[in-house]
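Morning, everyone. I have one structure to show today, and I'll keep it short. Have a look at the model first.

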Amino acid sequence: MMQAKIFISVSIAFIFLALSAPISADLGNMDKAEAQAKTKFDHIGLAEMYEKEANEMNTKVEEQRKLLQEYEEHSEYYGREGQDFHSHHEALLRKYMKAVERNKEMAASHRKMAGKNK
């Protein structure tokens with residue numbers, strides 16, 4: 001029984017690592033694209049990439065809110081791990097909300113730069 005719990009925990013950790021890898025790769029591409037942006041259209045493209053990323057993060061925010069709402073409505077189902085579940089998903093919610101805000105700021109910044117490069 002204990003080995004099964006450890007196996008499940010390790011599997012979940014690997015899944016989270018695997019899912020976060022593509023995001024890191026995209027951010028590396030965005031840094032390179034930002035450094036090479038010179039024209040109005042480059043900045044518009046970057047703004048669209050940041051807006052797309054903000055929308056994806058916003059979807060994750062909603063997922064975390066739903067999970068937290070489910071937990072708050074049925075906390076008795078989660079047992080001892082419930083508090084860990086709650087704090088973990090609250091931390092993810094804060095992280096994703098921060099990412100949404102930052103991506104929106106970057107998109108607005110690039111839209112502004114595109115306007116100056118007429």
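I'll go from the overall fold to the helix packing, then to the core and two residues.

Keep in mind that this is a predicted model. The chain has 3 helices and 0 strands. Read along the sequence, that gives the pattern α-α-α. There are 118 residues in the chain, and 21% of them are buried. Now the contacts. Take those between residues at least 6 apart in sequence: 67% of them join residues at least 24 apart.

Next, the helix pair. How do α2 and α3 pack? Helix α2 covers residues 40-73. Helix α3 covers residues 82-116. Their axes are 7 Å apart, at an angle of about 160°. An angle over 145 degrees counts as roughly antiparallel, so that is how α2 and α3 run relative to each other. The crossing of these two helices is left-handed. And what is the contact of α2 with α3 made of? Its residues divide into 21 nonpolar, 9 polar and 10 charged.

On to the core. Which residues form the largest nonpolar core? There are 7 of them: M57, V61, L68, L92, L93, Y96 and V100. Two elements, α2 and α3, each give two or more residues to this core. The most comes from α3, with 4 residues.

Now two residues on α3. Start with H86, which lies in that helix. Is H86 buried or exposed? The cut-off for buried is under 20% relative accessible area. H86 comes in at 17%, so it counts as buried. Leave aside its neighbours within four places in sequence, and H86 is in contact with L68, Y71 and E72. L68 we have already met, as a member of the largest nonpolar core.

The second residue is N103, also found in helix α3. Its relative accessible area is 7%, so N103 is buried too. What does N103 touch, leaving aside its neighbours within four places in sequence? The partners are Y50, E53, A54 and M57. Again there is a link to the largest nonpolar core, because M57 is one of the buried residues that make it up.

To recap. We have a predicted model with three helices and no strands. Helices α2 and α3 are roughly antiparallel, and both give residues to the largest nonpolar core. On α3, H86 is buried and contacts L68, while N103 is buried and contacts M57.

That's it from me.

Terms used
Residues are numbered from 1 along each chain as its sequence is written. This is a predicted model: local features need pLDDT of at least 70, side-chain atom pairs count only at pLDDT 80 or more; totals for chains, interfaces and linings use all residues. Side-chain values use heavy atoms; hydrogens and water are left out. Buried means under 20% relative accessible area, exposed over 50%, partly exposed in between (1.4 Å probe, protein chains only). Contact means heavy atoms within 4.5 Å. Axes are lines fitted to C-alpha atoms, for helices over the stretch in contact, and angles run from 0 to 180 degrees between N-to-C directions. Angles under 35 degrees count as roughly parallel, over 145 as roughly antiparallel, 65 to 115 as roughly perpendicular and the rest as oblique. A crossing is left-handed if the near helix is turned anticlockwise from the far one by less than a right angle, and right-handed if clockwise. Ala, Val, Leu, Ile, Met, Phe, Trp, Tyr, Cys and Pro count as nonpolar, Asp, Glu, Lys and Arg as charged, and the others, Gly among them, as polar. A nonpolar core is a set of buried Ala, Val, Leu, Ile, Met, Phe, Trp, Tyr and Cys residues joined through side-chain atoms within 4.5 Å.
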